[in-house]
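Subject: Structure for your review

Hello,

Here is the structure I said I would pass on. My notes come after it.

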Amino acid sequence: MPNRLAHETSPYLLQHADNPVDWWPWSAEAFEEARRRDVPVLLSVGYSSCHWCHVMAHESFEDDTTAALVNDNFVAVKVDREERPDVDAVYMEAVQAATGQGGWPMTVFLTPDAAPFYFGTYFPPEPRHGMPSFPEVLEGVRAAWADRRGEVDEVADRIVKDLAGRSLAYGGDGVPGEEELAGALLALTREYDATRGGFGGAPKFPPSMVLEFLLRHHARTGSEGALQMAADTCEAMARGGIYDQLGGGFSRYAVDRAWVVPHFEKMLYDNALLCRVYAHLWKATGSDLARRVALETADFMVRELRTPEGGFASALDADSDDGSGKHVEGAYYVWTPAQLAEVLGAEDAALAAAHYGVTEDGTFEHGSSVLQLPREAGPADAARLASIAARLLAAREERARPGRDDKVVAAWNGLAIAALAETGALFDRSDLVERATEAADLLVRVHMDEAARLTRTSKDGRAGTNAGVLEDYADVAEGFLALAAVTGEGTWLEFAGFLLDIVLDRFTAEGGALYDTAHDAEALIRRPQDPTDNAAPSGWTAAAGALLSYAAHTGSEAHRAGAVGALGVVKALGPRAPRFIGWGLAVAEALLDGPREIAVVGEPSDPAFRELRRTALLATTPGAVLATGAPGGEEFPLLADRPLVGGAAAAYVCRHFTCDAPVTDPAELRRKL
């Protein structure tokens, strides 16, 4: 019989709807039930494409004996961390403080007042590698609750007080300047892997936000070292197994230092961020590889993640059926030499194996290999290799596909809108701009209410029940601002303004700090607040970036002051922990450069206008904002009082409250930018 998750919109919760565990969604009623029964709450947090979440589900939550132990002694609450990042953040902070590490599935035991007292992540069904079994953990917590209640309450009370007392070391007044940004670059250089690209050791994550900082720093200062680190990392990732050499798109991370073996889940946020990074790298270098990867990644998002309503699904699973009915990680993507021969014949299989690094021993499990691109094909091979890739892709399409998490997350769709709009504009792909516009329309129609308050998720065109958090407002505003620049439609600037007014009104603390949840959001044991990037930009620094862009468009002092206040934390953390505040550093680069305000006026059908507009789009200046339209147009404040020059289309460039004389020559505009 289905449990209480059967009517939820989250694909992750629905995966657990038929478990024998009597799951509750996160709700006041669940905690009331725990109070009524006088039992602890078992909180289990995960997400639909999480490999170890599936493993623990199969081993424990689908097991009748374990489920009976849970149901008799606990109220079990299941949370999708992608729907409730606030709940996830608060308890993950507690797990990390107590154990020194975290991860998913996250397993936390709470009092009926939601205070945590015992923590872990994955627990196996029987003891192994020094870990207790999940039944042992359940029995231990049950016994402690029954026999040592005073001790449990004391631990819970101490943890809640400790979390409440963790005030953010904000770093004082002022914004990061030349000194802090140079210090951040130096610190990154020390952690850079000069042999394999990227930063640190294994596992290795795509450093999207840091790459944006490096590209902007190069654009502003001319630093060759910054550009080299960005370009080499992008090339290493694009040639590695973390990139899908047949279908485009990036996996979540590599388990090794050399980007060879990925953790195969594909997330919307990674692909949106990396699509944009490669497009920006192409602007900086003209690299053919950067152009190819940006477009293939954009096409992957549209082909694999677009929903019937026009939004973008959250993720593709790491696991899929390997043909024997067993769900195996990477089964959809990996190849053996025999499988290549079966599809291609012996001769082409030998070329494919050499080209993609497929070996007899394999680079993954059971003699299979993840496809890589160790070297560029010679001109003579190009047509033959294109045919090989097409045949392998067609054969792969016949395999069982990984599951897809169809929920639409507002923040990640904002990132996808920005990436597709810019990539479409840069490479003359109007279809990508159209897909970005359709996703933006969906967010306005389904996720935004009359007061411009956002709902975090939707599924099948139906809004979920969870309020948007700071990253939703910031990333959706970022997407709308990018769309406004590319389409010349001022409506998107207006919508961004509505969202950013809410950020100033409901998410801002004293001294410019920002909270992850609104002032009137559900009260948790602590109000989450984190300026550091995770897999995507932190809501805090993403808001700073969107506020700064909006202020450049409109001249709004309140929005600029909000951005400046939020960047104080980057001054403190940038030189010390640049890998974890990359987006904040990228926004600081924009602030130092102005950012520049570019207005291009003319008739859209005029080739001279289009040439000036394209020159402005190609600018690498950090965080530059662009408004385009007819002279006297009311779509954008930047177009006001900007006439044609001698009847010709013209571009106006301003920064730091001063404007240059307008130009009509694209080459001259290029020099200014």
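The notes below cover the sheet, the aromatic contacts and one pocket.

Please keep in mind that this is a predicted model.

Sheet

Five strands make up an open sheet with mixed pairing, in the order β1-β3-β2-β4-β5. At its edges are β1 (23-25) and β5 (116-120), each of which pairs on one side only. From one strand to the next the twist averages 30°.

Strand β3 (residues 75-80) deserves a separate look. Six of its six residues are buried, so β3 is largely enclosed by the rest of the structure. This holds for both faces: Val-75, Val-77 and Val-79 are buried on one side, and Ala-76, Lys-78 and Asp-80 are buried on the other. Two of these residues can be placed against a neighbouring strand. Lys-78 in β3 has Pro-25 opposite, and the pairing of β1 with β3 is parallel, over three bridges. Ala-76 in β3 has Leu-42 opposite, and β2 (residues 41-46) runs parallel to β3, with six bridges joining them.

Further along the sheet, β4 (residues 106-110) and β5 run antiparallel and are joined by four bridges. Here Thr-107 stands opposite Gly-120 in β5.

Aromatic contacts

There are 24 aromatic pairs in the structure. Two of them are described here.

The ring centres of Phe-250 and Tyr-278 are 5.6 Å apart and the planes are at 25°; stacked pairs have planes under 30 degrees apart, so this pair counts as stacked. The pair links distant parts of the chain, with the two positions 28 residues apart: Phe-250 is in the loop between α10 (224-239) and β6 (253-254), while Tyr-278 is in helix α11 (residues 268-285). Both Phe-250 and Tyr-278 are buried.

The pair of Phe-495 and Phe-498 is edge-to-face, at 6.0 Å centre to centre and with 80° between the planes. Because they are three residues apart in helix α19 (residues 491-506), Phe-495 and Phe-498 are separated by about one helical turn. What is the relative accessible area of each, and is it buried or partly exposed? The cut-off for buried is under 20%. Phe-495 has a relative accessible area of 19%, so Phe-495 is buried. Phe-498 has 37% and is therefore partly exposed.

One aromatic cluster is formed by Trp-23, Phe-61, Phe-123 and Phe-134.

Two arginines also lie over ring faces. Arg-399 is over the face of Trp-335, at 4.0 Å from the ring centre. Arg-527 is over the face of Tyr-515, at 3.8 Å from the ring centre.

Pocket

The second largest pocket has a volume of about 690 Å³. It is lined by 36 residues, and those closest to its centre are Ser-320, Lys-326, His-327, Val-328 and Glu-329. Which elements give two or more residues to this lining? They are α1 (11-15), α3 (51-61), β10 (319-321) and β11 (327-329). The largest share comes from α3, with six residues.

That is what I have on the sheet, the aromatic contacts and the pocket.

Regards

Note on methods:
Residues numbered from 1 in each chain as written. Predicted model: local features only at pLDDT ≥ 70, side-chain atom pairs only at ≥ 80, totals over all residues. Heavy atoms only, no water. Pairing = 2+ DSSP bridges. Axes fitted to C-alpha atoms, helices over the stretch in contact; angles between N-to-C directions. Phe/Tyr/Trp six-rings, centres within 6.5 Å; stacked < 30°, edge-to-face > 60°. Buried < 20%, exposed > 50% of the residue type's maximum accessible area, 1.4 Å probe, protein only. Lys NZ or Arg CZ within 6 Å of the ring centre and 35° of its normal. 1 Å grid on protein atoms, 1.4 Å probe; cavity = no way out; pocket = protein on both sides within 12 Å on 5 of 7 lines; lining within 4 Å. Points joined across faces, edges and corners; volume = space filled by probe spheres on them.
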